[in-house]
Amino acid sequence: MIDAPARFASIADFEGFARSLRSQDRTGTRSVRLCMGTGCQAKGAARLYELFEEAIESASGRGRAGNIEVKPTGCHGLCQRSPIVVVEPAGIFYQQVEEPDVAEIFRETVLGGRAVPRLLYQDPESGRKLEAAEEIPFYKVQQRIVLSQNGRIDPTKITDYIAAGGYSALVKALTSMTPEEVIAEVEVAGLRGRGGGGFPTARKWRSCRSAAGGPKYVIGNGDEGDPGAYMDRSLMEGNPHSVIEGMLIGAYAIGSEKGYIYVRNEYPLAVKYLRTAISQAQEIGLLGENILGTSFSFDIQINRGGGAFVCGESTALMASLEGRPGEPRAKYVHTVESGLWGKPTNLNNVETWANIPHIINRGGKWFAGIGTEKSKGTKVFSLVGKIANSGLVEVPMGITLRRIIYEIGGGIRDGKKFKAVQTGGPSGGCIPAEHLDARVDYEELTNLGSMMGSGGLIVMDEDTCMVNIARYFTDFLLNESCGKCTPCREGLAQMRHILQGITKGDGQAGDVEKLQALAEILSGTALCALGATAANPVLSTIRYFRDEYDAHILDRRCPAKECRGLFIYQIDAEACKGCGICLKNCPVDAITGERKAPHVIDEQKCTRCGTCWEKCPFTAVLKV
Amino acid sequence: MPTVTIDGHSVEVERGATVLDAARYAGIWIPTLCYHPALSSEASCRLCMVELDRGDWRQLVTACNYPVRHDVIVYVMSERAQQARRGVMELLLARSPDSQELKELAERMGVKGTLWPKVTESQRNCILCGLCVRVCEQIIGKSAIGFAGRGADRTVAAPFRQPSEDCIGCGACAAVCPVGTIEVRVHKDECEVEISPFKSRVKLLVCKQCGAPILSTQVCEQALRNVGWATCLPMQACSQGNVGMGRKSAHATFWPELRKRLRLCPKCRRLQTAGRVASP
Ligand SMILES: Cc1cc2nc3c(=O)[nH]c(=O)nc-3n(C[C@H](O)[C@H](O)[C@H](O)COP(=O)(O)O)c2cc1C
Ligand code: SF4
Ligand code: FES
């Protein structure tokens with residue numbers, strides 16, 4: 001499978017091999033990089049791959065193929081425009097490619113070297129057709145470090161990773177740095193955990209290194225249970241070796257010989273690619289006993305998670321790895337001292353791990369030059385919700401939310417108005433328009449009542465009811481709570497009960513204060529961070545959208561017109577053409593009117609089912 | 001030995017003891033529900049919250065599992081600690097409003113009642129402290145019951161919510177339950193003992209003499225095994241490595257006697273002993 005000696009017996013052997021891969025003459029090689037990320041696969045990328053292969057085959061039958069390859073890659077990021085195809089060497093970026101387009105791309109671009117304008121990205125402002133990804137605003141504002149090779153390399157080929165410079169950081173660490181020097185470099189970088197808490201990575205490593213006892217374990221957390229988030233998934237699927245290399249360097253620094261990567265069971269492709277990557281690394285001696293002929297040994301095992309959100313929490317994850325129910329336990333004794341099987345264990349998020357090779361290669365100083373005073377480097381976000389360009393983005397710390405949403409994300413979909421953005425996953429807070437100039441920074445987001453989290457960004461527009469959003473996330477967290485401790489189980493159930501009441505029009509004066517009291521119990525007494533942060537969506541929406549709560553409770557009105565029963569339907573007499581479609585579809589005969597004359601809804605009979613609103617071809621039915 | 005200062009009173013405890021140990025040593029009461037000295041601390045009820053002095057800030061911690069590793073200062077009666085415990089108790093009262101035991105504990109804590117409605121289902125007042133689950137696993141060694149379901153749906157049940165095959169009907173779970181959820185029911189007609197609400201049933205051993213039900217057959221067997229094992233251990237040690245011999249002789253002398261005596265109800269056993277004393 002790999003054109004390499006069975007196992008490199010020394011670092012010099014490996015370096016020779018890597019050098020030959022990196023200096024390979026690729027002039028004249030034309031390649032079609034095809035995104036095989038989740039979004040593109042869902043839109044038929046696998047079939048496109050076959051079609052390109054067939055096209056190459058028939059061209060080579062006619063003696064015209066030369067050096068042409070199709071390269072399946074991980075997520076390119078602009079999932080909104082999937083499937084995505086990039087043709088090298090010119091780097092022409094095609095979007096929303098469909099099966100019939102393959103022949104044209106192959107003939108015009110691959111063989112002819114010309115772009116197919118029809119399939120290019122059109123800048124919504126200037127109307128210009130853009131050829132290269134770098135010109136597209138979505139990519140231009142990003143700074144890709146962790147994702148730099150995503151969409152460029154074939155994740156199933158270790159040679160692709162090595163050719164792009166992969167495993168050179170490991171070699172550097174093994175040949176010229178002591179474990180302490182590695183930790184010092186990560187400390188200079190100022191890297192903080194990307195999985196939620198933002199704990200300084202070097203400090204965690206150092207505690208684990210100096211903890212008494214052994215064996216020591218390192219773990220990659222790829223559980224990613226946040227709804228709508230797929231940063232870690234795309235990383236594991238698009239560049240699995242970067243996570244492995246990071247863990248290797250960390251294990252060397254900490255003094256560990258055994259690692260685990262815990263991946264959500266719902267990510268079969270990530271599991272498959274990680275397995276492939278691990279076995280390829282083992283094959284050539286980058287994992288296993290005496291790595292590259294040195295005295296350093298380390299191996300990694302993949303474990304598939306049961307799919308519960310709480311299993312991403314460090315102690316629950318370790319319990320699950322041990323084969324026990326995935327429930328958190330108290331952390332008064334830290335896991336770096338007593339973690340997996342009671343041994344010193346260092347857990348980091350997979351994105352944290354993937355940053356390590358870059359820090360070792362380019363130096364902690366370089367890394368620390370990106371970002372804000374206390375938040376360094378970049379962060380990957382999955383930008384979803386009511387946004388024009390949803391997708392996977394990597395931005396430098398310190399960038400404003402406004403730039404992410406408007407420059408990268410292209411603003412709100414369908415010309416609607418922005419209302420809020422939720423950062424930090426289900427227990428993050430909702431940040432309103434007046435704070436759009438807040439910077440992506442651990443402390444700044446926390447001060448706004450939200451958090452960095454692991455990188456979910458959910459954009460909400462004017463049609464989103466913030467009380468309903470709070471209810472939705474409370475409901476999610478209650479369902480995902482393990483139920484072990486009283487405040488989380490009972491407190492969230494009480495919160496949900498109150499929020500359900502408010503969104504159904506049964507809100508009572510004093511409900512908001514009750515929610516705040518419950519929030520205080522939760523944050524003070526819950527066993528793990530799920531419960532302790534679970535009130536963030538409620539508290540932040542009360543903080544920034546109190547008027548919406550009051551409208552629901554005091555006026556029995558939902559300003560966003562989302563909560564059924566808290567607004568009414570009316571027909572706009574001027575827009576109504578009297579077609580009678582609503583009248584025919586109304587299940588309770590609440591609509592009357594002559595043909596070709598404006599219709600009316602009988603408010604007493606109407607059950608607010610919304611059928612007329614959906615059916616009216618002239619949008620004459622209004623929510624008021 | 002580190003010193004723990006609780007509301008101004010200082011006690012010295014072994015390193016690794018908990019704040020609760022220290023408080024009990026100092027005679028200071030902290031309410032607990034999911035704690036039992038014979039079992040591991042899971043700190044799941046969150047009733048034993050106290051405030052820990054961290055220098056420039058104070059942290060709420062659970063006393064039952066916070067390990068004392070150096071000198072610490074804690075507050076049991078500070079406003080914040082009391083409020084935290086009250087908050088947890090009020091949520092529990094909402095869950096299990098009919099539990100007399102819970103009400104008594106609440107009263108002792110000075111909690112008058114709860115403002116929260118009942119929104120979660122609880123099986124016969126079960127507060128999910130988990131003592132039954134832990135005693136069955138850690139002391140009895142059976143793991144016949146465990147937790148099922150997540151979040152508000154969490155319950156204690158035998159696997160697949162079916163009567164357990166592993167249950168020996170010992171009733172240890174009922175003994176540790178702080179709110180009386182678990183009951184040991186004797187079905188005389190079927191000669192069975194039931195551990196309710198888990199529906200597990202075990203045959204009862206009947207007195208050889210009078211036919212009265214004595215105890216679960218499985219408990220009897222486990223008792224015999226444990227006692228027999230314990231008796232042969234010292235013999236093993238003095239039999240110069242001849243383990244087989246040692247055990248055999250233990251079986252030969254102690255077991256039949258023990259077995260016989262266990263198969264009598266206490267009344268008939270007394271009668272038998274009395275008879276023996278009277279006519280040796
Ligand atoms: C409920 C809950 C879910 C979590 N889920 C994840 C997750 O999916 N992935 C992750 O990396 N960290 C998750 N975390 C954070 C982890 O507990 C842990 O802090 C993190 O993996 C440490 O790595 P880092 O220092 O590199 O961020 C979760 C935490 C909580 C409380
Ligand atoms: S806070 Fe919630 S998720 Fe965490 S241990 Fe308690 S019940 Fe489980
Ligand atoms: S007694 Fe300490 S948490 Fe239950």
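Around ligand 2 sits a shell of 13 residues, and the closest of them are Cys482(A), Lys484(A), Cys485(A), Cys488(A) and Cys528(A); a residue is near a molecule here if one of its heavy atoms lies within 4 Å of it. By class, this shell holds nine nonpolar, three polar and one charged residues. Nonpolar covers Ala, Val, Leu, Ile, Met, Phe, Trp, Tyr, Cys and Pro, charged covers Asp, Glu, Lys and Arg, and the others, Gly among them, count as polar.

A few ground rules help here. This is a predicted model, in which local features need pLDDT of at least 70 and side-chain atom pairs count only at pLDDT 80 or more, while totals for chains, interfaces and linings use all residues. Residues are numbered from 1 along each chain as its sequence is written, chains are lettered from A and ligands numbered from 1 in the order in which they are written, and side-chain values use heavy atoms, with hydrogens and water left out.

Chain A is split by the domain assignment into domain 1 (29-134), domain 2 (158-368), domain 3 (378-461), domain 4 (466-554) and domain 5 (569-623), with bounds that come from an automatic or database assignment. The centres of domain 3 and domain 5 of chain A, taken over C-alpha atoms, lie 38 Å apart.

Now for the helix pairs. Helix α19 (residues 486-504) and helix α20 (residues 511-525) of chain A pack at about 160 degrees, their axes 10 Å apart. Axes are lines fitted to C-alpha atoms, for helices over the stretch in contact, and angles run from 0 to 180 degrees between N-to-C directions. α19(A) and α20(A) are therefore roughly antiparallel, the label for angles over 145 degrees. Among the residues making this contact (heavy atoms within 4.5 Å) are Pro487(A) and Cys488(A) of α19(A) and Asp511(A) and Lys514(A) of α20(A). The contact of α19(A) with α20(A) divides into 12 nonpolar, three polar and two charged residues.

Helix α9 (residues 201-210) and helix α11 (residues 240-254) of chain A, in turn, pack at about 45 degrees with axes 8 Å apart. That makes α9(A) oblique to α11(A), a label for angles outside three ranges: under 35, 65 to 115 and over 145 degrees. Here Trp205(A), Cys208(A) and Arg209(A) of α9(A) meet Gly250(A), Ala253(A) and Ile254(A) of α11(A).

Last comes Val600(A), found in strand β18 (residues 600-601) of chain A. Helices (H or I, at least four residues) and strands (E, at least two) are DSSP runs numbered from the N terminus. Leaving aside neighbours within four places in sequence, Val600(A) touches Ile571(A), Ala590(A), Ile591(A) and Thr592(A).
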